[in-house]
Structure formats: C-alpha cells, structure tokens
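Dear colleague,

Please find below the structure that I am handing over to you, with its sequence. My findings follow underneath, arranged by region.

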Amino acid sequence: MTRAVLTLNAGSSSLKVSLFPETGEAPLATGHADRIGPEGVLKLKDAADQPIPATGDLTTHAGAMAAVISGFRAHLPELDLIAIGHRVVHGGADRNAPETVTDSLLADLEKLSPFAPLHQPHNLAGIRAAMAAFPGVAQVACFDTAFHRNQPFVNDTFALPREMYAEGVRRYGFHGLSYDYITSDLTQTAPQLAEGRVVVAHLGNGASMCGITNGRSVSSTMGFSALDGLPMGTRCGQVDPGVLLYLMDQKGMTAAEITDLLYKKSGLLGLSGLSNDMRTLEAAGTPEAMQAIDYFTFRCQREVGAMAAALGGIDALVFCGGIGENSRLIRARICERLGWMGIEIDHSKNAANERVISTDFARTTVMVIPTNEELVIARAARAAVGLQ
Ligand code: ADP
C-alpha cells in the first residue's frame, strides 16, 4: 500500500497536482492539466521527472482530475489517498491557518468570492470536485492570505472610511504559502536569520514581497487583491487609483474591461509590448524590453526599502519564484543600488545560483531559496490526518 496525500491547485483552466508520501519532501508524482476545455492537455511525471502516460476527458476540471488520478493509479497501483490539500486564494480576515473543509467552511469561503473573483470560484470548484471524487477523504484548505493575517493595523488597512475595513476592504497580502515555506526553511537552516528581519521577494509571473520578523508577516506589497505592489508578468502592480477613475469617466471603460487591462494586459507585457516572460525580455534586448526590465527592477528596489522600513531594518533578503530563483541578471540589478542597506552580492556566487549570494563581509545576507508551496499544502494535509 502506498499511503499518500494529494495537493491540488485549481485555476480557471488549469489543475496542478502533486502526490506526496506520508513523510519526506520529494513528491511521488506530479501532474499539470492546462487549457482545460476542448483543447485540454495533461502531463504527468513520476518521482524521477519522467513522463507517466495519461489520457482522459480534459473538457472539465472533474474530468481532468479523474484523468490525473487514473494516471497516478496506473503508475502506483497500491495508491491509498489519505488526505487532499487545496490551495485557496482567500481565507478572509480571520483565518490564519489551514482548515479542514466542512460544508460551513465552503459556504463561508463562497462569500469571499467577490474579493477574488478570478481565483476563488475555481479553487472552490476544485474542492467540490475532490469531495465528490473522494468522499470520506479529509480535504484541507490552505489559504494564500493566512500567513499575513496578524499584520499590524497600519499595514492591514487603507485610509478609507472605517466601515470599509469592517466590510473586508483590507490589505490581505497573498503568496502566503510561499512565504510560509521560506520561513520554515530558514527556521531549519538559519535559525538566527529566521528570528531576525527578513525581506522575501517572491518574483514569478505573479510577484510580491513580504517583510517578516521572527516568522511573522509584518508587511506585504500585495493588498486587497493580487494586483497591488510590484509589476508582474501581465498585472500592473501599484497604480494611482486616479488612473482607474479616468478610464471609467473619460474613456467609458467597464469594470470587465478594466479588469482585463489590469490583470492581463499590463505589467511586463504591457510595458514591453512583447512578452510577459522575463526570459524572453532578457533575450530580446529591444529598448521597450529593457525599459520593462528597468521598471521591474526599480520597483523591486523601492519595495525592498519599503519592507525594510516596515521592519526597522534588514538582516536578510531572500529571492524565490521563477525569476528570483533563476535570473542572475534581475537579482544583480535589484541589488546594485542597495549597498546603503548593507546588500552586496558576490557576482560569481550569484552567477552560480548559490544559496547564499552575498559577499562574505556584507551586513545583510542575500539568499536564493527555491520555494515549495506544494510542500506547505502537503504538510497541512498530513497534519489534518494526524501525521507529523
Ligand atoms: P508563476 O507565478 O506562474 O508560478 P514562476 O514562478 O514559474 O511563475 O515564474 C515564471 C517567470 O520566471 C517567467 O517570467 C520566466 O521567464 C521567469 N524565469 C524562469 N527561468 C528564468 C531564467 N533562467 N531567467 C530569467 N527568468 C526566468
């Protein structure tokens, strides 16, 4: 019998799954269904990253999940699923830890859909599909907002009339599962730093930063939605709200059109006019691509400063996410004007993607730590059934 927990991340047209053993960090298998619909594609891989054959109905999320499970079962015939962990973007104002799914939790989470309309409904559909497919198996919801829920009031609010805060118009912060992983990694490997003032830069297609002291989130760049803060692949990052008023008032744009503009057409893609992908921009070398990179690195520098101010100083800067873990150029560009904060990187360590890339005598430790949100979800799923 192979007892395992499944982690599930359901997006609008995608499903990312990992199968973890009862203990340990390496998955037994992973799967990624993309473009769910008439042109759905599914890739499954084993523990050695080799393809596992997979076919099935990829027109719906439920069909894709059935295809994933039957592929996994063909590969691991003795598979016994003991818990399923779900990534859920929004847990609301009070949830600061994962929770086992019940009907009342689902009803509560449903009410938060207006706060994250592009993600929450899909996350919840994933939970429902898993409950239908595996009745009796514990389902655990892990929230991207939970890690930030104990931030001080001044970082949790906007300067809007008080009743809006009570209604839920707050700075929730996202990418919490990633920050949770980085914190747990530092606690194990560098406990002194983990107790200090750490700025984590999660730079992927979605990008944010978080200021953490002694494992606690103090401030984050993402706010009410996953649009705020740093520019991203296709999302705008911080923008003057007056721009939105102008678009509505003067250009007659609807909420749906503005949503599309801010989420899908802005950020690196909008500025470069070329691509949302950092690798493509680095290779392109056009003036517009270079300006997009300049803007990205400049805003990252500003936010490292802002996070350090919120923390009252900085002991470590940690890079993670696809760009943070892989792009030596972007890391170097971000760090190059932060010497005044004691940030000084060793270019050969940076080029080699080493774990610590600061110079031996730098006041601030600069690190590259590959994040692992799936493992955080798997740990929560294990804990829910009494493992670990
Ligand atoms: P997501 O937020 O969708 O999980 P990722 O964390 O996978 O995204 O990050 C995707 C981004 O990482 C893309 O912009 C991609 O170009 C960038 N990236 C990945 N590898 C490299 C690399 N070697 N150099 C520069 N950018 C990279």
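**Loops beside strand 4**

Aspartate 49 is placed in the loop between strand 4 and strand 5. Please bear in mind throughout that the model is a predicted one. The phi angle of aspartate 49 is near 70 degrees, a positive value in a residue other than glycine. A positive phi, of about 50 degrees, is also found at arginine 35, which is not a glycine either. Arginine 35 belongs to the loop between strand 3 (29–34) and strand 4 (41–46). With a relative accessible area of 49%, arginine 35 counts as partly exposed, because the exposed class begins over 50%.

**The eight-stranded sheet**

The strands on either side of these loops belong to an open sheet of eight strands, whose order is 5-4-3-2-1-6-8-7 and whose pairing is mixed. Its edges are formed by strand 5 (51–52) and strand 7 (99–100), each of which pairs on one side only. Strand 7 is joined by two bridges to strand 8 (residues 138–143), and the two run antiparallel. Within this pairing, glutamate 99 has alanine 141 of strand 8 as its bridge partner.

Helix 16 (residues 373–384) lies across five strands of this sheet: strand 1 (2–10), strand 2 (15–21), strand 6 (79–88), strand 7 and strand 8. Relative to strand 6, helix 16 runs at about 120 degrees.

**Strand 9 and its partners**

Why can strand 9 (residues 197–203) be described as largely enclosed by the rest of the structure? Six of its seven residues are buried, and buried here means under 20% relative accessible area.

Strand 9 has pairings with strand 10 and with strand 12. Seven bridges link strand 9 to strand 10 (residues 207–213) in an antiparallel arrangement, and the two strands form a hairpin with three residues between them. In this hairpin, valine 199 stands opposite glycine 211 of strand 10. With strand 12 (residues 316–320), by contrast, strand 9 pairs in the parallel sense, over five bridges. There, valine 198 stands opposite alanine 316 of strand 12.

**The ligand and its surroundings**

The ligand is surrounded by 13 residues, of which the closest are Asn205, Asp277, Met278, Arg279 and Gly322. Two backbone approaches involve ligand oxygen atoms: a backbone N or O atom of methionine 278 lies 3.0 Å from one oxygen atom of the ligand, and a backbone N or O atom of arginine 279 lies 3.1 Å from an oxygen atom of the ligand. In addition, a polar side-chain atom of asparagine 326 lies 3.5 Å from a nitrogen atom of the ligand. On its own, the ligand has 580 Å² of accessible area, and the protein covers 68% of this.

Which elements give two or more residues to the shell around the ligand? They are helix 11 (278–284) and helix 13 (321–326). Helix 13 provides the largest share, with four residues.

**Serine 266**

The last site to mention is serine 266, in the loop between helix 9 (255–264) and helix 10 (267–272). Serine 266 is buried because its relative accessible area, 13%, falls under the 20% limit. Leaving aside residues up to four places away in sequence, the residues that serine 266 touches are Gly233, Thr234, Arg235, Cys236 and Leu261.

With kind regards

Notes:
Residues numbered from 1 in each chain as written. Predicted model: local features only at pLDDT ≥ 70, side-chain atom pairs only at ≥ 80, totals over all residues. Heavy atoms only, no water. Pairing = 2+ DSSP bridges. Contact = heavy atoms within 4.5 Å. Axes fitted to C-alpha atoms, helices over the stretch in contact; angles between N-to-C directions. Buried < 20%, exposed > 50% of the residue type's maximum accessible area, 1.4 Å probe, protein only. Near = heavy atom within 4 Å. Polar contact = N/O pair within 3.5 Å; in protein donor to acceptor, adjacent residues only side chain to side chain. Areas by Shrake-Rupley, 256 points an atom, 1.4 Å probe, with all protein chains shown as cover.
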